[in-house]
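Visitor: I have a new structure to look at, and I would like to go through it slowly, one question at a time.

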Amino acid sequence: MTTGPPPSAPVFRPLPTGPVTEVYLFGTCLVDLFTPSAGVSTVRLLQREGVRVIFPQGQSCCGQPAYNSGHPEEARTVARAQIPLFCKDIPIVIPSGSCGGMIRQHWPHLFAGQPEEAAARAIAARVWELSEFLVHVLKVSLEDHGTPETVTWHSSCHAMREMGLTDEPKRLLGQLKNVTVAPLQRERECCGFGGTFAVRHADVSAAMVADKCADIEGTGAATVLGGDCGCLMNISGALEHKGSAVGSQHLADYLWERTK
Amino acid sequence: MSHSSAPHDFRAGIDAGLHDTTLRANFRRAMDGLMTKRARQFEDPQEWTRLRALGQEIRQRALSKLPDLLERLEENCTRNGIRVHWAEDVAQANAIILEILQQRGITTVVKGKSMVSEEMHLNAFLGGHGIRALEADLGEYIIQLAGQMPCHIVMPAIHLNKTQIADLFADKLGTSPDGQDAEALTAIAREKLREEFRTAGAGISGVNFPVAETGTLCLIENEGNGRMVTTVPPVHIAVTGIEKVVENLEDVTPLLRLLTRSATGQPITTYVNMISGPRRGADQDGPQEVHLVLIDFGRSRVYADPETRQTLQCIRCAACMNHCPVYVRVGGHAYGGVYPGPIGKILTPQLNGLADYPDHPSASSLCNACVEVCPVKIPIAQMLVRLRNEKAGQGTGAVQDAGSGASRVEDAAWKAWAATYSTPLAYRVASAALTAAGNALPASAPLLKAWTSVRKKPRFAAQSLHRTLKEMGVADE
């Protein structure tokens, strides 16, 4: 069904001027400990386009868990520690719309009136979610080496509504000639993750993810793909719990595996 | 306003809502319909972007000069023959209305839909003084018969389906429960209400937009009951929140375009009433007296803080609840209070205190579906985060009962988290420990338990991204 406003114009923010030869990778805390493969695939996808990837080893988290839990002071402490690590004026690529949204949308608010405000704003302006970077900046063309498969796509709320992504992930999947994307009926509806919401309001979250799983299974897809490890952890955990045959994967892993 | 009663048990309401399959189905069907209708009204993204920016500007401008606009509203209403009353709290507002009715010996009133009158518990109050108040909006009429609160601010009886309404009418009005379609049910209510309009001593209504410059009360509706309530009885009493005032008539048009399209997917409502005073001279109809009761009920406090003030931009379209993945699953009654859904989650704790509504701010995944459709761009998610800060004692203290949810255990946990995640060495040690042994945590561990009731336990990777990329020789600069 159609809900919410239709997609806005495809390119919605200024592109970097001149060719991009170097980027930072902000790996995110969830990818770091639970799905490092998504970070590795991100590096491979970027390197294949001739881009040098820098991964500051001192990085940890954007601060979102505390920020969304009523603890801005602790969020600031963690976010502040990231700022000096990303000081070069090059794009920062993130394999997550949610962490990207935290930095782009919320860091300026979090650091308003703080000594780091200008630096935080500068970083916010340089943040790119992986798929928007691949589509709009690197303009990749992908060659599919995989066997025919039907997948479905789960849009993360923050990728759509904080980073302003429209159809970038699906444009990438559309380049894979053997892949069919079967759309969800309620693609724009939240999967029920919401960070601490999933444990604070576990029952509501459970009802949301149950509906999401039913929607996914209804597509007949073999795999559900997503661009955010929070959503994927929620969805794959629920699919596994109910013994579903549908697998799940981060977009970066899926793209790399089929095109390497 | 503070209550002495126990805090609202949102969790019990959520539990009831989630497990009522009929309710879930009724809400899902209704919200799907409303979302689809709204989407059809805003097919041009540029028009939507332009119009909502204008809506936001109009509401913010009105709020920025609120004290001045309220003075002008009073002055111009008075000039039009509308008597203006001010009420700081519920008791005052109810007393004002009671006095008007008692002085004139009125024992029956008909009402148009008004959420402010719900804040006042006006029907029960008047009933206690021997005055019968009858709801004339079809949805409100239904829930009044059922003895319920509205579950939605635009569609108060949307939680009931046709069969349930036919059964209710059969029970309360003695009509047949069988073979009643929507039209037949509406006809039953209409027949009952017609006589009431003719004989009621006063009509009570809400106001969508009080206009300061002209002293006009703009009221929109679809059933004609609003026009009956405001024109047939000899006395009309309008009640509205002080925040609703707009500056001039030009401001009303864009707001109406946003309101009706966002609310019900209609380009315009069936009735648009512009009330500019009692009947004059040779007028053939209209009330002999018009009163306007302007209520505060905690709004001044919300107004005082520049961030929370944005809550007051609301034009009560309900698009936020129509699009909310939580609301559609738990239903409007779970929220308690008068305003459910996302706007209720930010407004209710601000008007009534965080201590009485402790679970409102956290009951959101912050998915931003509400923010995306709000026609006046209220940053609802940002406001939810602000209320979470206030509750935990990390806000400015501007919200009533700030700090009431502070927990030493949680504070200590976040402090430990921050210390670990802001110190690379500590983070390295912690992540090494978690990747090595984190999977040994039992699924029944405190936070995991809530997660694993419907999901498999998340599995830590054998090696972190940090270590993997270091081994791959990815630059660390």
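Visitor: Is B:Pro379 buried or exposed?
Guide: Please keep in mind throughout that this is a predicted model, so every value here is computed from it. A residue counts as buried when its relative accessible area is under 20%. B:Pro379 has a relative accessibility of 14%, and because that value falls under the cut-off, B:Pro379 is classed as buried.

Visitor: Where in chain B is B:Pro379 found?
Guide: One can place B:Pro379 by looking at the helices on either side, which are helix 17 (369-373) and helix 18 (380-392) of chain B. Residue 379 belongs to neither of them, and its place is the loop between helix 17 and helix 18.

Visitor: What separation do the C-alpha atoms of B:Pro379 and B:Ile58 have?
Guide: Along the chain, B:Pro379 and B:Ile58 are 321 residues apart. In space, the separation of their C-alpha atoms is 16 Å.

Visitor: Which residues does B:Asn161 touch, leaving out those up to four places away in sequence?
Guide: B:Asn161 sits in the loop between helix 8 (138-146) and helix 9 (162-173) of chain B, and with a relative accessibility of 18% it counts as buried. Once residues up to four places away in sequence are set aside, the residues that B:Asn161 touches are B:Thr22, B:Asn26 and B:Arg29.

Visitor: Which residue has its backbone nitrogen 3.2 Å from a polar atom of the side chain of B:Asn161?
Guide: A polar contact needs a pair of N or O atoms within 3.5 Å. The side chain of B:Asn161 has a polar atom 3.2 Å from a backbone nitrogen, and that nitrogen belongs to B:Thr163.

Visitor: Why is chain B described as being as compact as a globular protein of its length?
Guide: Chain B has 22 helices and 9 strands. For its 477 residues the globule rule gives 23 Å, and the description is used because this is close to the radius of gyration of chain B, which is 26 Å.

Visitor: How many of the residues of helix 7 of chain A are buried?
Guide: Helix 7 of chain A covers residues 130-137, and its buried residues include A:Leu130, A:Phe133 and A:Val137. The helix is largely enclosed by the rest of the structure, because the number of its residues that are buried is 8 of the 8.

Visitor: Which elements of chain A do the buried residues of helix 7 pack against?
Guide: The partners of these buried residues include both strands and helices of chain A. The strands are strand 1 (22-25), strand 3 (92-94) and strand 4 (127-129), and the helices are helix 2 (36-48), helix 9 (168-174) and helix 13 (251-259).

Visitor: Which residue with a positive phi follows helix 7 of chain A?
Guide: After helix 7 of chain A comes a residue whose phi is near 45°. That residue is A:Lys139.

Visitor: What radius of gyration does chain A have?
Guide: Chain A contains 13 helices and 8 strands, and its C-alpha trace spans about 50 × 45 × 35 Å along the principal axes. A compact globule of 260 residues would have a radius of gyration near 18 Å, and chain A agrees with this, at 18 Å.

Visitor: What percentage of the residues in chain A is buried?
Guide: The percentage refers to the 260 residues of chain A. Buried residues make up 63%.

Terms used. Residues numbered from 1 in each chain as written. Chains lettered and ligands numbered in written order. Predicted model: local features only at pLDDT ≥ 70, side-chain atom pairs only at ≥ 80, totals over all residues. Heavy atoms only, no water. Helix = DSSP H or I, 4+ residues; strand = E, 2+ residues; numbered from the N terminus. Rg over C-alpha atoms; globule rule 2.2 N^0.38 Å. Buried < 20%, exposed > 50% of the residue type's maximum accessible area, 1.4 Å probe, protein only. Polar contact = N/O pair within 3.5 Å; in protein donor to acceptor, adjacent residues only side chain to side chain. Contact = heavy atoms within 4.5 Å.
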